[in-house]
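Visitor: I am new to this structure and would like to learn how to read its features one by one. Could we look at it together?

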Amino acid sequence: MMRPGTKAPELSIKTTDSETWDLQKTNPDKLSLVVFYRGMHCPVCKDYLQDLNKLVDDYKAQGVSDIIAISGDTKEKAEEVKKMWDLTNLYIWYDQNPKSMANWGLFISGSISDKEPKVFAEPGLFLIDKNKDLAYCATNSMPFARPKFNELLDGIKYMNKNDYPPRGKMQYEQAVG
């Protein structure tokens, strides 16, 4: 189980703009935000990423210099997502494989209709600090009830203002022992 305060898993991915982003080589101002979305087949993901797209400048003002949206979609589908969903402020990454999905602790689903890919990750959202440690983790086993980007932004502002540390780092044995 991934916990805040531990090293984030490796992530090296391709963007629709022909760039490669490698978490281990980044140097964010304060934080990186990695958002795993289900893929082009998901209407909830469309609304979710459009909400994030509107807040990119606000996140960057808080030191979140890397904002990543990734799915297991193909490059063609990712390019279509960026265009059709009008995600002008976001880079869209693609080709996340099941091993990477598992390394990030994402719930992995199989298709239940011909509109879905055979295998895809359910949503996940991670804040990663400058040291590549997890600061915040949220995973979902369904497409709904995800963290709201405006509330997360308020939390980041609070973290920055109060030098608030990651929470939830304690292991069970520490809590009862």
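Visitor: Are Glu 116 and Arg 38 buried or exposed?

Guide: Buried means under 20% relative accessible area, exposed means over 50%, and partly exposed is in between, with a 1.4 Å probe and protein chains only; by that scale both Glu 116 and Arg 38 are buried. Please keep in mind that this is a predicted model, in which local features need pLDDT of at least 70 and side-chain atom pairs count only at pLDDT 80 or more, while totals for chains, interfaces and linings use all residues. Residues are numbered from 1 along each chain as its sequence is written, and side-chain values use heavy atoms, with hydrogens and water left out.

Visitor: What do Glu 116 and Arg 38 form?

Guide: Side chains of opposite charge can pair when their charged atoms come close. A salt bridge is counted when a side-chain nitrogen of Lys or Arg is within 4 Å of a carboxyl oxygen of Asp or Glu, and Glu 116 forms one with Arg 38, their closest N and O atoms being 3.9 Å apart. Glu 116 sits in the loop between strand S6 (108-110) and strand S7 (119-121), and Arg 38 in the loop between S3 and H1, 78 residues away. Helices (H or I, at least four residues) and strands (E, at least two) are DSSP runs, numbered from the N terminus. Shared partners join Arg 38, Glu 116 and Glu 122 into one network of salt bridges.

Visitor: How many salt bridges does the structure hold?

Guide: It holds four. One of them joins Lys 7 to Asp 133, with the closest N and O atoms 3.0 Å apart; Lys 7 belongs to the segment before strand S1 (12-15) and Asp 133 to the loop between S8 and strand S9 (134-139), 126 residues apart. Lys 7 is exposed at 54% relative accessibility, whereas Asp 133 is buried at 16%. Lys 14 and Asp 95 also meet in a salt bridge, at 3.8 Å from N to O.

Visitor: How many aromatic pairs are there, and how is such a pair recognised?

Guide: Rings of Phe, Tyr and Trp (its six-membered ring) pair if their centres lie within 6.5 Å, and planes under 30 degrees apart count as stacked, over 60 as edge-to-face and the rest as tilted. By this rule there are eight aromatic pairs. The ring centres of Tyr 48 and Phe 149 are 4.3 Å apart and their planes stand at 35°, so this pair is tilted. Because Tyr 48 lies in helix H1 (residues 43-61) and Phe 149 in helix H4 (residues 149-162), the pair ties together parts that are 101 residues apart in sequence. Both Tyr 48 and Phe 149 are buried. Elsewhere, ring pairs link Trp 21, Tyr 91 and Trp 93 into a cluster.

Visitor: Which residues have the most contacts inside the largest nonpolar core?

Guide: A nonpolar core is a set of buried Ala, Val, Leu, Ile, Met, Phe, Trp, Tyr and Cys residues joined through side-chain atoms within 4.5 Å. The largest has 29 residues, and those with the most contacts inside it are Leu 33, Tyr 59 and Phe 149. H1 gives the most to this core, with seven residues. Apart from it lies another core, of 17 residues, including Leu 23 and Trp 93.

Visitor: How many disulfides does a search of the whole structure find?

Guide: A disulfide is a covalent bond between the sulfur atoms of two cysteines, recognised here as a pair of cysteine sulfur atoms within 2.5 Å. The search finds zero. Cys 42 is buried, with a relative accessible area of 1%, and Cys 45 is buried at 0%.
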